Every structure is written in C-alpha cells, then in structure tokens.
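Me: I would be grateful for a close look at one part of this model, namely the surface that faces the DNA. Please treat it as one connected account.

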Protein chains: 2
Amino acid sequence: MTHLTNSQVDISVDCVVFGFDGEQLKLLLIDQKLPETGNLSPEVLQIALPGDLMNAGESLDACAARVLKELTSLEGIYLKQFYAFGDPNRVSDLKDQEWLRSFRVNPERRVITVAYYSLVKMDDYVPQASSFASSAKWTDIQDVPELAFDHNDIADKAIAVLRQELTTKHIGFELLPEKFTLSQLQTLYETILDKKLDKRNFRKNIKKMDQVIPLDEKQQGVLHKPAQLFRFDRDANENVKEE
Amino acid sequence: MTHLTNSQVDISVDCVVFGFDGEQLKLLLIDQKLPETGNLSPEVLQIALPGDLMNAGESLDACAARVLKELTSLEGIYLKQFYAFGDPNRVSDLKDQEWLRSFRVNPERRVITVAYYSLVKMDDYVPQASSFASSAKWTDIQDVPELAFDHNDIADKAIAVLRQELTTKHIGFELLPEKFTLSQLQTLYETILDKKLDKRNFRKNIKKMDQVIPLDEKQQGVLHKPAQLFRFDRDANENVKEE
DNA sequence: GTTATAAAGTGTAAAAGACACACTAACTTA
DNA sequence: TAAGTTAGTGTGTCTTTTACACTTTATAAC
C-alpha cells in the first residue's frame, strides 16, 4: 500500500444557478473570454458554470456562497451541495494549456469540484453589460450549449436533483417572486417536471400547505381576471408534525 | 478578488460501511492504534471510519472502491457517494500533530473528504484478528463511540441518507445474504427505519416487486415452521415501465 | 406420538389519497 | 356591451394504504 501525498490537487466549487422567468427554467452561465494570445485563434469564447477555486480558510459552503455573491451580489440564496466530481481527467485531458490558464487552472494539477445548485428569484439578478472579462447570462435550459470541462454533466445532474427535490421538498417558491399567483407556481412545476398538471388537483395540494399564505392583493395590469397573490412563509409550521 | 492556489489541500475518501446481522444495523469501524511515542500517553487508540487519501491518477469512485477492497477484499459492493465535507478546521484544529500523523495526515494541510456509504452482506466480511496496526470491527449503530475528526457527523449523515434511500430505492437487499426470508427483510426495514411495520402489508408490498424471487428452498435448522427463501434479482424488469 | 412452542403465512374491509373532469367569474380592450 | 382571456371552484371514481387475527408447520421435550 503506497500512499501518495497528492499535492497536485485543487478544489473548486461550481454552482448551477437556476432561475425562472415565468415560462422557462434558466441557468446562469458565464462567458469566459480568452485574452487574445497573439498567434493563436483570434478570440476563444468558452461558456461555463460559475465557479472558483476554494480559498485557504474557506469552507465549501462559504466558497459556494462567495461564488454566488461575487457574481450576482446576492446573499442568503438557496444553495445546496449535491455532488463531487473527481475524475482524474475531467480537466486537464481536454484542452490546451492556454485555455486552461484562462480559468486560473494550472494544467499540472488535478481539480476536484464540489457542485452546488442554487435557486434564485430571477428578478433579483439582472446581468449587467459586463465590464469584466467574463459576463453572466441567463440561458434557457433547452439551449445550454457545450460547456467547459465536464460542466454539462454537472448541469445535467443538477437538473435531475432539482426535479427530484421539487417533488419531495417545497423549494419551488425559491424561484418565484415574493408575491406570486398559483398559476405561476403551477407553470413552474410543469416546466421543471416537464409534464402537465391538473389545475384543480394542483391547487388542492398547494392549499394543504400552511406555508402558502394568501395576500390581500391581486395581480395587476393583466388583461383578464386578476389572480390572487400568495407568499411563501418558510417558517410556518407545515402540517404540525409532532412526536 | 484574490485567488489562492490552495496547494495545502488533500483529498480523502471515507466510507461508511453498513452491515446487518439479523438484529442490528452495524458500522464497520477502524481501530487506529498509535505507536507509542515515548513520553506521550502509553497507547492512544482512536476509532475512525475507513478511508484514505486519494491517489494521483484515481477517480473518487475508484478510491472508495479501493478503500473498501484494501480493508475487506470485497469488490463489486454497493457504494455511493453522498456528501463532501470541507470545513477548514475539520481536521487540524482538533488534535495534536503526532495523532494526525498516525492517520498519514499532514497537519499543515487541509483535508477535504468525500464520503461514500456502502452496503455489505455481513457474512461476506468477517474481520480477522489483525496483523496490521489498524483493525476493523463491526459496531452496533447504537454503540458508535466518539470517532476521529468529524467522522461522527459523516456517519450520522450517512444513516439519514440510508434511511431516505431505503424508502425510495430497493437497496435493502444489499445488506442481506443472497437467500433471505421475508421476516429477515422486514426486520431489516424495521431496524433501519426504526419503526414497526405490519407483516401482511409489508409482504404485499414486497411481492409487488418482480425483483424478489421465491426459491425452491426453505430455511433450515429453526425450531419452528421454516420460512420460504427468496433472492433479489437486480436485473429483473421492475414493474415494466415503458413508453 | 402427543403436546408445547415459536414463527410463518394468509385476506378483507374501511379510510385516505390520487385522479379525471367542465363550467362560471372577473377583468381588459375595442 | 361584446369578445377575449385567465382565475377559480367541487364531486365522483379509482387506487393505495392501513388496520387487524387466526391457522399452519416445523422442532423439542416429555
């Protein structure tokens, strides 16, 4: 039994950030623009999940929160670790070294990434015309292009986990504005689960949850019957299970 | 934004190995005996989850399989990644350096661990009177002592995950011998879920699964009516969901 | 071989939950 | 005031889950 000290390993955290615009489930992706390197191809553009190498004194959770904050200035966002990706060649096999360095990746090292998924109310973050080298964009989940490294695998797994979690935990609300209608909520569920739901049965189920609270307010500016607005109260005692 | 290259990080894999003896859920734990270090306490004994630092060219999954194999000689065992633990002080804060070195941990480095849980048919591995410095023992889940590092947290999370998975996937069989009775299976479920189940309803549910196949064989050597034996076929098409 | 012991094995009825289904109400704009 | 559009609501059927008790079949002891 020989045990290498694996000083060649770096840890990164990648975040699969979900948003919802009322119609489509979206991912927040980063345009990574390579600086022109003279004799190489004029400009290489690579798209990736937001992520970063972990800092020295930082926990994984803190690193994920930092990545999200540096990108969007948002704090207190729903953020959950879901898997660690550690194939030895997930980074360095694939691409030439210049390209890797643009991600601050040292091609001599292995990178293990711990992946988080995050649920963001899309209104809370509108990407700016970027002054940086890299800029973020919301992208339809349908239209996710080929991503850097194994980021497509990571995103796929995140979607599977999200789908799973949506049916067991009440996390859908994290993707909607503070005030929302039941139709919006239903559309969200239908989009993520990729199937039609029955309106009446859906509403029956939702109204069983004590956490969904009707407001004294209606939707405005729509050209049809305005809908009741609701809010979600994370702290309401759901179905009071004691013992 | 400063980005440290975190060359101080090591990756380890820890395995929470579950077994079942017909009565109790068990964990496979390692006795880590410290060599006597002269003027320090005569012998320090520390108990831990089996685990190891990841080797250079190794994937996380491969590392977990290797840990399990080096310990038990078993291969092809049910093994599943469930969480990565990365608090900056999960290792080095706690103990003195001699102690750490006995785990091959360099106290100057951080260790991120990726945790797997594993389901083993207990008969397949009977711990040997150990010739090594460390030896493995099956321990009742009730009686798990204080473990090294944050291994109690890891074990607790593994149990929670196991409980969860048991209700959604058919993994209980991994803990039983090839041939088992329905009573054994029920006891297993009752032990893990920590609640009584109704015999008739339980059997109805099990018999819905096409994967549970009755054998032409009965339990032997019991002083009462012998039970029908069954085996579990991972590959039987369960409930034939097409479309 | 009769009896005591111990777990195996089996069905049904009631309750709860899931599902299918169609019309009226309320607002906006032309 | 009529047309367009989405909101909002209840009931019956079917499926699933739950609660519940007695008979069978082996062994061991007498």
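To begin with a specific point: which atom of DNA strand C is 2.7 Å from an N or O atom in the side chain of B:K199? Please then describe the surroundings of both DNA strands.

Reply: The model is predicted, and what follows should be read in that light. The atom in question is a base nitrogen of DNA strand C, at 2.7 Å from an N or O atom in the B:K199 side chain. A second lysine of chain B, B:K204, also addresses a base: an N or O atom of its side chain is 2.8 Å from a base oxygen of DNA strand C. Chain A takes part as well, since a polar side-chain atom of A:D198 lies 3.3 Å from a base nitrogen of DNA strand C. Two or more residues of the surface near DNA strand C are given by each of α5 of chain A and α5 of chain B. The largest share, five residues, comes from α5(B).

Around DNA strand C there are 21 residues, of which B:S183, B:K199, B:R203, B:K204 and B:Q228 come nearest. Of the atoms of this strand that come within 4 Å of the protein, 40% belong to sugar and phosphate. By class, the surface near DNA strand C consists of 11 charged, five polar and five nonpolar residues.

DNA strand D has 22 residues around it, and those that come nearest are A:S183, A:K199, A:R203, A:Q228 and B:K225. Here the backbone contacts can be named. A phosphate oxygen of DNA strand D is 2.4 Å from an N or O atom in the side chain of A:R203, and a phosphate oxygen is 3.3 Å from such an atom of A:K207. In the case of A:H224, a side-chain N or O atom is 3.5 Å from a sugar or linking oxygen of the strand. The elements giving two or more residues to this surface are α5 (199-208) of chain A and α5 (199-208) of chain B, and α5(A) gives the most, with five residues. The classes near DNA strand D are 11 charged, six nonpolar and five polar residues.

The setting of α5 within chain B completes the picture. Helix α4 (residues 182-193) of chain B packs against α5(B) at an angle of about 105 degrees, with the axes 11 Å apart; the two helices are therefore roughly perpendicular to each other. In this contact, B:L182, B:S183, B:L185, B:Q186 and B:Y189 of α4(B) meet B:K199, B:F202, B:R203, B:I206 and B:K207 of α5(B). The residues of the contact divide into five nonpolar, two polar and three charged. B:S183, B:K199 and B:R203 thus appear both in the helix contact and among the residues nearest to DNA strand C.

Methods. Residues are numbered from 1 along each chain as its sequence is written. Chains are lettered from A and ligands numbered from 1 in the order in which they are written. This is a predicted model: local features need pLDDT of at least 70, side-chain atom pairs count only at pLDDT 80 or more; totals for chains, interfaces and linings use all residues. Side-chain values use heavy atoms; hydrogens and water are left out. A residue is near a molecule or strand if one of its heavy atoms lies within 4 Å of it. A polar contact is a pair of N or O atoms within 3.5 Å; within protein, one must be able to donate a hydrogen and the other to accept it, and residues adjacent in sequence count only if both atoms are side-chain atoms. Helices (H or I, at least four residues) and strands (E, at least two) are DSSP runs, numbered from the N terminus. Ala, Val, Leu, Ile, Met, Phe, Trp, Tyr, Cys and Pro count as nonpolar, Asp, Glu, Lys and Arg as charged, and the others, Gly among them, as polar. Axes are lines fitted to C-alpha atoms, for helices over the stretch in contact, and angles run from 0 to 180 degrees between N-to-C directions. Angles under 35 degrees count as roughly parallel, over 145 as roughly antiparallel, 65 to 115 as roughly perpendicular and the rest as oblique. Contact means heavy atoms within 4.5 Å.
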